[in-house]
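Work through the exercises below with the model open. Try each task before reading its solution.

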Amino acid sequence: MLRSLLPRPGTPRILMAATLVNTFGNGAYLATGTLFLIRSVGLGAAQVAIGLSCAALAGVVLTTPMGHVADRRGPKQVQILALLVSAACFAGLTRVDGLWSFVPLACLLAVADSTVKAANGALIAGAVPPPDRVRTRAFVRSANNAGVALGALAGSVPLALDTRAGYLVVLFGNAATYLLAAGIVRRLPDVDPVTAPTGGPAMVALRDRPFLAFAVLDGLVAALYNALLSLALPLWLVASTTAPVTLVSAALLVNTVGCVTLQVWASRGARTATDAIPVARRGALVVAASCVLFGLTAHRPDWLVVTLVLTAATVHVLGELWLASATFAVIFDLPPPWAQGQYQGAHQTGRQIGNLMAPPLLTALVLGWGVPGWLGLAAIFATAGLLLPSVIRWGLRTAGTRTPPVSLRSSPGPARSAPR
């Protein structure tokens, strides 16, 4: 069983270890960060929201350019630098004393986090053979979910203590996990900076309309299914059922266990963008079915609510796993070899846009419309199940136009094409 949860030795296993260490610290901070800023630093809820909004905007603007830097300077080196910057920022949060000292750190953290993800994708594309990339990315996602869950559990202790000393332990501990993750990434083989065609735009990903359409659509879908259990479900249980709110924890546990143990299984058969077409359709329709099940819980007896919620959570995680697997196949297969980093960054930008749109949309549908709101969510996912295949086919049709037939120029330094 343990062997099935681990990738082969070498690059995939090193990436998985770095991700597990890094996200453990992130999970602890996610559980405590907001309360630290409010109760220890003294920021108001509106000030925290302003800081996070500024950070989100910085991420949207700078993520794709930072992915371009990863292509030109080497994804391993850029990822290590971004991890070190993040470590310094989390240590710096211990000195925050107001909004204007929080905002720049929040912006740096958002950009560094997105840069780590974009460089990580480029690193997989450059160091892992094409048939193994989706499977490797699936292992990394499993480690991500496991790390966040374990970190959140560890963060519950300082959260319960609610003291500045406890919050500082989390911040310095998270900084330490970034340093440790950077040390682990150093063990990876170098992936050389890639060369780029001359005469074309530097930010080719931002001119690739099919890929941008996929990034935005996929970003909204992912943000909705990620927030469905953590945001929409608790709001719904309080407003429309008498079931205990602790049922949310049970649903999240189902999701976490499924994502950790079944992501690699769900990635089978989704190696290319063509493979991703039926997988994306299936995943979106399955998540749509889970929304219908959640909606059926309105004003039902508690025993039936528990049964429906746990069933819906199981259905939901299966759809999520298939959607994630389809995403991995598309974002590795559609970009040209010399622009993996910036395409990974463009995809992260789509995720950031989705993260801005999903919370108000979910709140308006679930609290504002009730059962019809859940049916509206189901319709959104079902529509995505129809649109995603069309957008992927559009990307496949235009794939040959992304590399102009001109000579190549080398990146600064001793650049060679990355190993494919």
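**Exercise 1. A bridge between helix and loop**

Is D190 buried, partly exposed or exposed? Then identify its salt-bridge partner and place both residues in the chain.

Solution. The model is predicted: local features need pLDDT of at least 70, side-chain atom pairs count only at pLDDT 80 or more, and totals for chains, interfaces and linings use all residues. Residues are numbered from 1 along each chain as its sequence is written, and side-chain values use heavy atoms, with hydrogens and water left out.

Step 1. Apply the accessibility classes: buried is under 20% relative accessible area, exposed is over 50%, and partly exposed is in between (1.4 Å probe, protein chains only). D190 has 48%, so D190 is partly exposed.

Step 2. Look for a salt bridge (a side-chain nitrogen of Lys or Arg within 4 Å of a carboxyl oxygen of Asp or Glu). D190 meets K76, with N to O at 3.1 Å.

Step 3. Place the partners. Helices (H or I, at least four residues) and strands (E, at least two) are DSSP runs, numbered from the N terminus. K76 sits in helix α3 (residues 75-93), and D190 in the loop between α6 and β1 (196-197). The two are 114 residues apart.

Step 4. Check K76. Its relative accessibility is 8%, so K76 is buried.

**Exercise 2. Bridges between helices**

Which residue forms a salt bridge with E320, and which with R351?

Solution. Step 1. The whole structure holds five salt bridges.

Step 2. E320 pairs with R141, the closest N and O atoms being 2.6 Å apart. E320 belongs to helix α10 and R141 to helix α5, so this bridge ties together parts 179 residues apart in sequence. E320 is buried at 2% relative accessibility, and R141 is buried at 11%.

Step 3. R351 pairs with D218, with closest N and O atoms 3.2 Å apart. Helix α11 carries R351 and helix α7 carries D218, so parts 133 residues apart in sequence are tied together. Both R351 and D218 are buried.

**Exercise 3. Aromatic geometry**

How are the rings of F211 and Y343 arranged, and why?

Solution. Step 1. Recall the criterion: rings of Phe, Tyr and Trp (its six-membered ring) pair if their centres lie within 6.5 Å; planes under 30 degrees apart are stacked, over 60 edge-to-face, and the rest tilted. The whole structure has eight such pairs.

Step 2. The centres of F211 and Y343 are 4.8 Å apart and the planes are at 70°, so the pair is edge-to-face. F211 is in helix α7 (residues 209-240) and Y343 in helix α11 (residues 340-369), so the pair joins parts 132 residues apart in sequence.

Step 3. Check burial. F211 is buried, at 0% relative accessible area. Y343 is buried, also at 0%.

Step 4. Find a cluster. Ring pairs link Y29, F90 and Y178.

**Exercise 4. Backbone checks**

Compare the expected and actual span of helix α12, then locate its bend.

Solution. Step 1. The expected span is 1.5 Å times one less than the number of residues. Helix α12 (residues 371-397) has 27 residues, so 39 Å is expected; the end C-alpha atoms are 40 Å apart, which agrees.

Step 2. Take the bend as the angle between axes fitted to the seven residues ending at a residue and the seven starting there. At L386, α12 bends by about 25°, and P389 follows within four residues.

Step 3. Turn to positive phi. H299, a residue other than glycine, has phi near 55°. H299 lies in the loop between α9 (273-295) and α10 (302-333) and is exposed, at 67% relative accessible area.
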